[in-house]
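This report describes selected features of one protein model with a bound ligand. The ligand site is treated before the aromatic pairs, the covered helices and the backbone.

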Amino acid sequence: MRHLNVLNLVLLLTLPLCAQKPVYLDETKGIEERIDDALKRMTLSEKIGVIHAQSKFSSAGVKRLGMPDFWTDDGPHGVRPDVLWDEWVQAGQTNDSCVAFPALTCLAATWNPSMSALYGHALGEEALYRGKDMILGPGINIYRTPLGGRNFEYMGEDPYLTSRMVVPYIQSMQELGVASCVKHYCLNNDEEYRHNVNVIVSDRALREIYLPGFEAAVKEGKAWGLMGAYNIYKDEHNCHNSITLKKILKEEWDFDGVVVSDWGGAHDMDQAVKNGLDMEFGTWTDGLALNASNAYDNYHLSKSYQKAIEQGRYSTKELDDKVRRVLRLFFRTTMNKQRPYGFLCSEEHYATARKVASEGIVLLQNEGGVLPLKPQGKKILVVGENAIKMMTVGGGSSSLKAQHEISPLDGLKQRLAGISEIDYARGYVGDVTGNYDGVTTGQNLKDDRKPEQLVEEAVEKAKAADYVIIFGGLNKSDYQDCEGHDRKAMELPYGQDELIKSVAAVNSNTVYVNISGNAVCMPWRKQVPAIVQGWFLGSEAGTALASVLVGDTNPSGRLPFTWYNNLDEVGAHSFGEAAFPGIWRDGKKDIIDEEYKEGIYVGYRWTDKQKIKPLFAFGHGLGYTTFKVSNLRTENPVTTDGNMTYYVDVTNTGDMEGSDVVQLYLTDVESSVDRPAKELKAFAKVSLKPGDTKTIVLKTDKRALSFWDEGTNDWKAEPGEFVAHVGDASDRLTCKVKFTFK
Ligand code: BGC
């Protein structure tokens, strides 16, 4: 609850005794009425004051009218620790440790929208406690290449999966009066030269692949905030883009929230004024050095804009629209006295982190039933830097100061205390630094032994172990899963391939757990019986991993992206430099044109078209039980409005309770345009006891039948035959049913 502050009180006391409360302060009135009233009372400089930053992460309220400052913070996976008012230096608070939730790749891998709802709620409560009015997340850019440095922060390659997962995150956070700021809108699909990349993409790919997640966030999630991306589209930066922001987001989708610039993403006052930017943050302007103090007056939407209005170069039309949106944000957040209390590091938040982590872990391969471990009295050797390395620090703006983080090794030790004998071998040395922006892990990971010595030690110990569990993969340092750059290759770094091969050669019960937000090459796949995708799991990483490895949790995560064998199988890498990473225009290092030549064929849409069998397919994931998906049927094999309802039976045919993800893909059999072989259009997660069968109901609508028609600039569903394929992975579709759209 917030109480009237002193200024507010003075204002009220100075009103004539008989006067009513000003409308903008009257909570019985609707928000739009309150905005009208507030807007009328604001001076020009007060209006200018609310549309740009006043510190690294805050913008001004309107003190005279009793409207508090507005605070925002990263990021998608937890509330970032505070930096100083005006510098990228830790403020050194003692109350800003947080729960680190699993990265959004893991959330997407749960294929369970109710996990998104739990996630958004817990993160919202942490934000409230920390006095943050808006969280800079979720991030939902599409996974176009496994080299993308920020893929770990996003929800995978599929627009439909992303759309379904993003909506509950936003809704459950905003229910608490904390705004979500969905990012990075749009086409920010790789990191290298992110301020300079001009994306060239067909309208179809834009609408069918890159925008649906944002569209769902706006239309269904009703997001209150959206962050423009750093890069360029049609020669305008995405923080002030006349097409993506003004035309599509605001005119077409009726977005009523604020567009926030990415930090330093605004470059041009005129475009910022006219093309839909509402709040400018992080800008480095007008010759001021990067990160200079008191730069805020020099922002594009600050003094120079005010002066231009005073000189009559602009009317207040655009300004009032921006301020109206900012006020709406205030009334939804800072001025909302119904906001509940916040909690930091509560048991419930840890439980959420644990649940999402355990449910998102993907069992990729399990030859001979090596997993779950049968640990009683066994010798277990744990290998690898990622078994001990804290992963919540690093990676860029999503870096956190976690109250605690349980490493995979500690998680196993806790779970198997008194049951198994656990030993550890380092195996490889990767990144030993462990600090980001002044937050340090406090770990000393230094190990000066030579790579051969580390492998040798692991191999020797592996010979005597009943099981070997290798925790490898990527980390959050530059050129790995980290903001600002892309990976340089898809192969595992630090000589891990050699290590894994050598260990697996001497121990047939080797399990490889890959910690990353991206696919990596696995040339040794056939030599390693069990492979688990362990993501960046946050505070409860070790607990969740142990729970899956031991079998307390029956794994039910499914891949939210296609796991290619190598880069040759990736659409974005099949057209030379022009398609990735792009080519500098006119030989100058100013704009780099990157043409998405694969068009709509991203991920499984591409591998289907090229008849490529990836290492692991989109939607793939095993468990410790087996399921049968059968008897797909529909009552309406002819639809005139495009709506379809399907019924399918799922049976747990194994002997352990578990969850399956039933996935429905549509094929348009007769089409005037080239369409993907199949596209995900519905899914449901179902939990079943051994032997039980449930009938699942799935629905699709007309939009699911449609493609983006570049001729009419609209969605088009063409009459004709369609096929619905249902199963529990994109490469395990066991049932199909035909229907006709008339
Ligand atoms: C990132 C955003 C982040 C912002 C504030 C930018 O560099 O791209 O995702 O929210 O910084 O930290």
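## Ligand site

The side chain of Asp74 places an N or O atom 2.4 Å from an oxygen atom of the ligand. This distance, like every other value in the report, comes from a predicted model. Two further side chains approach the ligand in a comparable manner of description: a polar side-chain atom of Tyr230 lies 2.7 Å from a ligand oxygen atom, and an N or O atom in the side chain of Glu483 is 2.9 Å from an oxygen atom of the ligand. The three distances are collected below.

| Side chain | Partner | Distance |
|---|---|---|
| Asp74 | oxygen atom of the ligand | 2.4 Å |
| Tyr230 | oxygen atom of the ligand | 2.7 Å |
| Glu483 | oxygen atom of the ligand | 2.9 Å |

Taken alone, the ligand exposes 310 Å², and the protein buries 95% of that area. There are 14 residues around the ligand, of which Asp74, Arg150, His184, Tyr230 and Asp262 come nearest. By character, the residues of this shell divide into seven charged, five nonpolar and two polar.

Glu483 also contacts another residue of the protein: its side chain and that of Arg150 are joined by a polar contact of 3.2 Å. Glu483 is located in the loop between strand S15 (467-473) and helix H16 (496-506). Its relative accessibility is 15%, and Glu483 therefore counts as buried, the limit being under 20%.

Asp74 has a backbone feature as well. The peptide bond from Asp74 to Gly75 is cis, with omega near -5 degrees. Gly75 belongs to the loop between S2 and H4.

## Aromatic pairs and charges over rings

The structure holds 29 aromatic pairs. One of them is formed by Phe57 and Trp88, which meet edge-to-face at 5.5 Å centre to centre, with 85 degrees between the planes. This pair links distant parts of the chain, 31 residues apart: Phe57 is in the loop between helix H3 (44-50) and strand S1 (58-59), and Trp88 is in the loop between strand S2 (70-73) and helix H4 (104-109). Are the two partners buried or partly exposed? Phe57 counts as buried because its relative accessibility is 6%, whereas Trp88, at 27%, counts as partly exposed.

Tyr646 and Phe739 form another edge-to-face pair, at 6.2 Å centre to centre and 70 degrees between the planes. Here the link runs between two strands, with Tyr646 in strand S22 (residues 644-652) and Phe739 in strand S29 (residues 735-741), 93 residues apart. Tyr646 is buried at 0% relative accessibility, and Phe739 is buried at 1%.

Ring pairs also link Trp111, Tyr160, Tyr604, Phe618, Tyr665 and Phe683 into a cluster. Tyr665 of this cluster has Lys678 over its face, at 5.8 Å from the ring centre. A second such arrangement involves Lys476, whose charged end sits over the ring of Phe536, 4.7 Å from its centre.

Trp111, another member of the cluster, has a phi near 50 degrees, a positive value in a residue other than glycine. Trp111 lies in the loop between H4 and helix H5 (113-129) and is buried, with a relative accessible area of 0%.

## Covered helices

Helix H7 (residues 203-210) is mostly covered, since seven of its eight residues are buried. These are Arg204, Ala205, Leu206, Arg207, Glu208, Ile209 and Tyr210. Helix H8 (residues 212-219) likewise has seven of eight residues buried, so it is largely enclosed by the rest of the structure. Its buried residues are Pro212, Gly213, Phe214, Glu215, Ala216, Ala217 and Val218.

## Further loop features

A cis peptide bond also connects Leu371 to Pro372, with omega near -5 degrees. Pro372 is found in the loop between strand S10 (362-366) and strand S11 (379-383).

Asn713 has a positive phi, near 55 degrees, and is not a glycine. Asn713 is placed in the loop between strand S26 (707-709) and strand S27 (714-716), and with a relative accessible area of 46% it is partly exposed.

Ser315 occupies the loop between helix H11 (303-310) and helix H12 (317-332). A polar atom of the Ser315 side chain lies 3.1 Å from the backbone nitrogen of Lys317. Ser315 is partly exposed, with a relative accessible area of 44%.

Key:
Residues numbered from 1 in each chain as written. Predicted model: local features only at pLDDT ≥ 70, side-chain atom pairs only at ≥ 80, totals over all residues. Heavy atoms only, no water. Phe/Tyr/Trp six-rings, centres within 6.5 Å; stacked < 30°, edge-to-face > 60°. Helix = DSSP H or I, 4+ residues; strand = E, 2+ residues; numbered from the N terminus. Buried < 20%, exposed > 50% of the residue type's maximum accessible area, 1.4 Å probe, protein only. Lys NZ or Arg CZ within 6 Å of the ring centre and 35° of its normal. Near = heavy atom within 4 Å. Polar contact = N/O pair within 3.5 Å; in protein donor to acceptor, adjacent residues only side chain to side chain. Areas by Shrake-Rupley, 256 points an atom, 1.4 Å probe, with all protein chains shown as cover. Nonpolar A, V, L, I, M, F, W, Y, C, P; charged D, E, K, R; others polar.
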